[in-house]
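I opened this chain to look up a few things and wrote them down as I went. The entries follow the order in which I checked them.

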Amino acid sequence: MILAFIGVVIGFVLLVKGADFFVDGSGSIAKKFNVPVFIIGMTIVAMGTSAPECAVSISASLHGSNGMAISNVIGSNIFNLLVVCGVCALFQPLVIKKATLKKEFPFSVLAAVILGIMGFVGMTVGHADGIILVVIFAFFLYWMVISAKRSMQAGEDIEAEEIKDLPMWKCLVFIGGGLVAIVVGGQIVVNCSETIARGFGLSETLIGLTICSIGTSLPELVTSVVAAKKNQAGMALGNVIGSNIFNILLVGGLASAISPITVNMNNIIDIILLIIISLYIMVLVWKKQLLTRTGGVSMLVIYAAYMVYICMREVL
């Protein structure tokens with residue numbers, strides 16, 4: 001059991017550092033080929049920060065641990081919204097762009113609704129459902145790129161990610177090494193989490209909602225907290241929303257397309273809670289386009305209550 005816990009920590013380290021290397025290497029290559037920085041931010045950087053979720057969910061799906069696959073996606077999204085944004089708001093109130101509230105935020109809620117409907121009908125997210133989710137993500141990404149280009153042509157300010165300029169050989173090493181670390185880390189986390197779950201008599205759903213979801217959300221948390229300390233956290237909520245869309249549509253889509261995911265009523269309840277939480281935050285910030293420290297504290301309290309709820313649900 002002790003070795004399993006150590007394995008989980010090692011797996012998370014591989015996931016986080018692998019994602020960092022993958023983002024640096026891929027971003028640098030894209031920059032060398034003059035790919036616009038805002039496109040890099042919406043694609044490569046977004047994929048890199050969500051790579052741990054992708055690796056864990058797909059590995060769990062391949063292992064037949066369906067409960068862990070879908071719970072990791074749902075749990076990561078709830079953690080991103082309540083904890084990542086909540087912690088950042090404690091450092092500095094977050095300014096949310098009106099465009100984010102009108103476009104990405106409602107779309108993230110719609111993505112959760114679609115996943116919930118798919119899971120409720122037949123209590124399974126199958127191959128066809130997974131393909132549909134991936135196609136929807138492709139259309140979303142296309143829409144975001146077109147919108148960003150129009151904004152640039154209109155002279156609007158586009159915040160972008162800083163991309164390191166690395167030698168080509170180092171880019172290839174970072175990409176290859178990062179992908180290997182992500183895949184291996186994902187396998188280790190899933191295998192060790194299954195061992196822990198069996199040892200304590202816990203369900204895959206609980207492990208996915210707690211250990212896996214928190215661990216795979218570390219890149220978003222660390223990046224956002226560092227940005228908040230530098231007084232650059234204004235885009236934190238927008239980045240989290242984009243990551244959540246990525247998790248549901250691409251991560252969930254790929255996992256279910258590879259191996260159908262069985263959905264239980266607890267999963268449906270968690271998706272409903274995700275939708276309610278999203279709507280709560282939207283209402284919280286809509287009027288002033290600002291997430292205050294008080295709002296951040298309320299979000300952290302809600303997450304603590306959610307943790308208590310899922311633990312009690314497991315016991316009962």
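**Entry 1. Helix lengths.** I take the expected span of a helix as 1.5 Å times one less than its number of residues. The coordinates I am working from are a predicted model. I looked up helix 5 first, which covers residues 98-120. Helix 5 has 23 residues, and I get 33 Å from its first C-alpha to its last, close to the 33 Å expected. I still found a kink of about 25 degrees in helix 5, at Glu104, shortly before the proline Pro106. Just after helix 5, I noted that Gly122 has a positive phi of about 85 degrees.

I ran the same check on helix 11. Its 22 residues should span 32 Å at 1.5 Å a residue, and the end C-alpha atoms are 31 Å apart, so the two values agree.

**Entry 2. Overall make-up.** I counted 12 helices and four strands in the chain. The chain has 316 residues, and 54% of them count as buried. I then took the contacts between residues at least 6 apart in sequence, and 88% of these join residues at least 24 apart.

**Entry 3. Salt bridges.** How many salt bridges does a search of the whole structure find? I got one. The partners are Arg313 and Asp270, with their closest N and O atoms 3.1 Å apart. Arg313 belongs to helix 12 (residues 293-315) and Asp270 to helix 11 (residues 265-286), so the pair ties together parts that are 43 residues apart in sequence. Are Arg313 and Asp270 buried or exposed? I find both of them buried.

**Entry 4. More on helix 11.** I looked at the N-terminal end of helix 11 and found Asn264 capping it. A side-chain oxygen of Asn264 is 3.0 Å from the backbone nitrogen of Asn266. I then listed buried residues of helix 11, among them Asn267, Ile268, Asp270, Ile271, Leu274 and Ile275. Further along helix 11, the buried ones include Ser278, Ile281, Met282 and Val285. I kept in mind that residues three or four places apart in an α-helix point the same way, because there are 3.6 residues a turn.

After helix 11 I stopped at Gln289, which sits in the loop between helix 11 and strand 4 (290-291). Its phi is near 55 degrees, a positive value in a residue other than glycine. I made a note of this because most residues other than glycine have a negative phi. Gln289 has 24% relative accessibility, so I put it down as partly exposed.

**Entry 5. The nonpolar core.** The largest nonpolar core has 83 residues, and I asked which of them touch the most other members. They are Ile78, Ile248, Leu249, Leu291 and Tyr303. Helix 4 (residues 66-91) gives the largest share of this core, 15 residues.

I followed up Ile248, leaving out residues up to four places away in sequence. Its contacts include Val73, Asn77, Ser108, Ala111 and Ala112. Leu115, Leu133, Gly253 and Leu274 are also among the residues that Ile248 touches.

**Entry 6. Asn244.** I found Asn244 in helix 10 (residues 236-258). With a relative accessible area of 5%, Asn244 is buried, since the cut-off for buried is under 20%. Apart from residues up to four places away in sequence, Asn244 touches Asn77, Asn80 and Leu81. Asn77 had already come up as a contact of Ile248.

**Entry 7. Asp165 and helix 1.** Where is Asp165? I place it in the loop between helix 6 (127-153) and helix 7 (168-200). Asp165 is exposed, with a relative accessible area of 60%. Beyond residues up to four places away in sequence, Asp165 touches Ser28 and Lys32. Asp165 and Ser28 are 137 residues apart in sequence, but I get 5.3 Å between their C-alpha atoms.

I also checked Ala30, in helix 1 (residues 2-32). Ala30 is buried at 8% relative accessible area. From Ala30 to Asp165 I get 10.0 Å, C-alpha to C-alpha, across 135 residues of sequence.

**Entry 8. Asp129.** My last look-up was Asp129, in helix 6. Leaving aside neighbours within four places in sequence, Asp129 is in contact with Met118 and Thr124. Asp129 and Met118 are 11 residues apart in sequence and 7.0 Å apart from C-alpha to C-alpha.

Conventions: Residues are numbered from 1 along each chain as its sequence is written. This is a predicted model: local features need pLDDT of at least 70, side-chain atom pairs count only at pLDDT 80 or more; totals for chains, interfaces and linings use all residues. Side-chain values use heavy atoms; hydrogens and water are left out. A salt bridge is a side-chain nitrogen of Lys or Arg within 4 Å of a carboxyl oxygen of Asp or Glu. Helices (H or I, at least four residues) and strands (E, at least two) are DSSP runs, numbered from the N terminus. Buried means under 20% relative accessible area, exposed over 50%, partly exposed in between (1.4 Å probe, protein chains only). A nonpolar core is a set of buried Ala, Val, Leu, Ile, Met, Phe, Trp, Tyr and Cys residues joined through side-chain atoms within 4.5 Å. Contact means heavy atoms within 4.5 Å. A polar contact is a pair of N or O atoms within 3.5 Å; within protein, one must be able to donate a hydrogen and the other to accept it, and residues adjacent in sequence count only if both atoms are side-chain atoms. The bend at a residue is the angle between axes fitted to the seven residues ending there and the seven starting there.
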